[in-house]
Amino acid sequence: MINPERIKKDFPIFSNNPDLCYLDSAATTQKPRQVVDAIENYYYSCNSNVHRGIYKISEDATNRFESSRENISKFIGSRDPRQVVFTRNTTESLNLLAYTLGKSLHAGDEILLSTMEHHSNMIPWQFLREKGVIVKYADITPEGTLDLHDLTGKMTKKTKIVSLTHVSNVLGCINPVNEIAKIAHDNSSLFVVDGAQSVPHMPIDVERMNCDFLAFSGHKMLGPAGIGGLYGRFDLLDNLPPFMGGGEMILNVSLDGATWNETPLKFEAGTPNIEGAIGLSAAVDYLRKLGMDNVRNHEKELIGYTMKRASEVEDLIFYGPRNPEMHGGVFTFNIGDVPAFDLERDLSERSVSISSNGIHPHDTATIMDRDDIAIRSGHHCAMPLMTRLGVSATSRASFYVYNSKEDVDRFFAAINDVKVAFAK
Ligand SMILES: Cc1ncc(COP(=O)(O)O)c(C=O)c1O
């Protein structure tokens, strides 16, 4: 069982901001003392570069760095720590993949994504259009879930890669990754999973999921910013070319060329984010202690309660599946109709504000902030999805282990305040 009041005591930000109702964990999470302590302990006891020094504190730093890799690898169900590459975040992990996998793609090869993807699972693949690679998008259903029928219909013998988010940062839907892995592999396509919104929130087992690659970010799972990971099946990773060049990723260098370090160091050019890896490992310890099943159940309860209350509020439009079983801890909504941009109309009205009965999401977020409630508003780095939903922007409240039903109640009281402020 998750006890948010007890958990909050581990997060100094809440004692420093006693009225804060933080509902933006899908953007980034708060950090427990245990994570900050682990980083401080590293700096104060063995700060030095890794894999290089042959003195004691460097060996200590290397051990802490590599055992962090092992810990994080186990957390996602990977049997071999060499299958985890440290990156800056999900975005870098996906760029690494698009760049390295893209080297062996040819004009006419296809990559299959979906319209619900975050920009970081779109743009890196779109770069490959330069070499004639075709990027396709599976649609969403009217309920706000992935349209599997459309996905399979768009798959062809030329589909080399299927890359999808596990949990949408807007719709909150949990995509059936096990089923999709089978569909992709039956078609001899590689299956890449964007785990930015799933690894922090539910038990993950890459072996059972049978994905080929999984990208995730430390800062969305109680860890520090600037550290993330890319899981890859060892044989696949080992066969990929390097991503960036420099120190650490090489074995031998001459004036004519170089040979590469072993996997995963081949992908980790330059001095890595040592303290970040150590901090992320402490975050993993924290989450493991809570139990990832408990984390998931807690969020399921909060989202179920939120949707029940939301259905009782007039003019509240919300997105994604209604069944909490299929929904992560992300609640995306608008108050009234917030139509998509119409440049001609908006410019002729000399305003890009929304000319409808809806309340602009930025106004909603600003008024909520007056009540010390932090939510997100905008396009959530998913502009094609906004277009698909026929809106210019939305607001989003997202939950984590330190949120309680009281936070949800405060959120709905604030929704009422927003409505009152804009009552005509
Ligand atoms: C689904 C999804 N993918 C990718 C990202 C990118 O994560 P990062 O900015 O940590 O690279 C996010 C961030 O919000 C996300 O929600």
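These exercises work through the fold of a predicted model.

**Exercise 1. Overall build**

Task: State which secondary structure elements the protein has, and decide what radius of gyration a compact globule with 424 residues would have.

Solution.
- Begin with the elements. The protein has 16 helices and 15 strands.
- Take the radius next. A compact globule with 424 residues would come near 22 Å. The protein has 22 Å, so the two agree.
- Add the extents. Along the principal axes, the C-alpha trace spans about 75 × 55 × 40 Å.
- Turn to burial. Of the 424 residues, 45% count as buried.
- Finish with contacts. Take those with a separation of 6 or more: 69% of them link residues 24 or more positions apart.

**Exercise 2. Two domains**

Task: Give the bounds of domain 1 and domain 2. Then describe the side of domain 1 that touches domain 2.

Solution.
- Set the bounds. The domain assignment gives domain 1 as 4–23 + 291–421 and domain 2 as 34–288.
- Place the centres. Over C-alpha atoms, they are 28 Å apart.
- Count the residues in the contact. Domain 1 puts in 23 residues and domain 2 puts in 21 residues.
- Find the elements on the domain 1 side. Helix H12 (292–310), S12 and helix H15 (383–389) each supply at least two residues.
- Pick the main contributor. H12 gives the most, with five residues.
- Sort this side of domain 1 by class. There are eleven nonpolar, seven polar and five charged residues.

**Exercise 3. The four-stranded sheet**

Task: Work out the strand order of the open sheet of four strands. Which strands stand at its edges?

Solution.
- Read the order. The sheet runs S11-S12-S15-S14, and the pairing is antiparallel.
- Go to the edges. S11 (316–318) and S14 (376–378) each have a single partner strand, so one side of each lacks a neighbour in the sheet.
- Add the twist. From one strand to the next, the average is 30°.
- Look at one pair. S12 (residues 330–335) and S15 (residues 394–398) are antiparallel and pair over four bridges. Phe331 has Ala397 in S15 as its bridge partner.
- Place the helix. H14 (residues 361–370) lies across S12, S14 and S15, and runs at about 160° to S14.

**Exercise 4. The seven-stranded sheet**

Task: Do the same for the open sheet of seven strands. Which helix packs on the sheet and touches S5 and S6?

Solution.
- Read the order. It is S2-S8-S7-S6-S5-S3-S4, with mixed pairing.
- Name the edges. S2 (84–87) and S4 (134–138) each have a single partner strand, so one side of each is left without a neighbour in the sheet.
- Give the turn. Neighbouring strands are turned by 20° against each other on average, direction ignored.
- Take one pair. S6 (residues 190–194) and S7 (residues 213–217) run parallel, joined by three bridges. Val193 stands opposite Leu214 in S7.
- Add the helix. H8 (residues 177–186) packs on the sheet and touches S5 (159–165) and S6. The direction of H8 makes about 155° with that of S6.

**Exercise 5. One loop residue**

Task: Locate Phe127. Why does Phe127 count as partly exposed?

Solution.
- Find the loop. Phe127 lies between helix H6 (123–126) and S4.
- Count neighbours. Phe127 has 15 C-beta neighbours inside 10 Å.
- Apply the cut-offs. Buried needs 20 or more, and exposed means 12 or fewer. With 15, Phe127 therefore counts as partly exposed.
- Check a distant residue in the chain. Ala98 is 29 residues from Phe127, and their C-alpha atoms are separated by 8.3 Å.

Conventions
Residues numbered from 1 in each chain as written. Predicted model: local features only at pLDDT ≥ 70, side-chain atom pairs only at ≥ 80, totals over all residues. Pairing = 2+ DSSP bridges. Axes fitted to C-alpha atoms, helices over the stretch in contact; angles between N-to-C directions. Contact = placed C-beta atoms within 7 Å. Rg over C-alpha atoms; globule rule 2.2 N^0.38 Å. Domains from an automatic or database assignment. Nonpolar A, V, L, I, M, F, W, Y, C, P; charged D, E, K, R; others polar.
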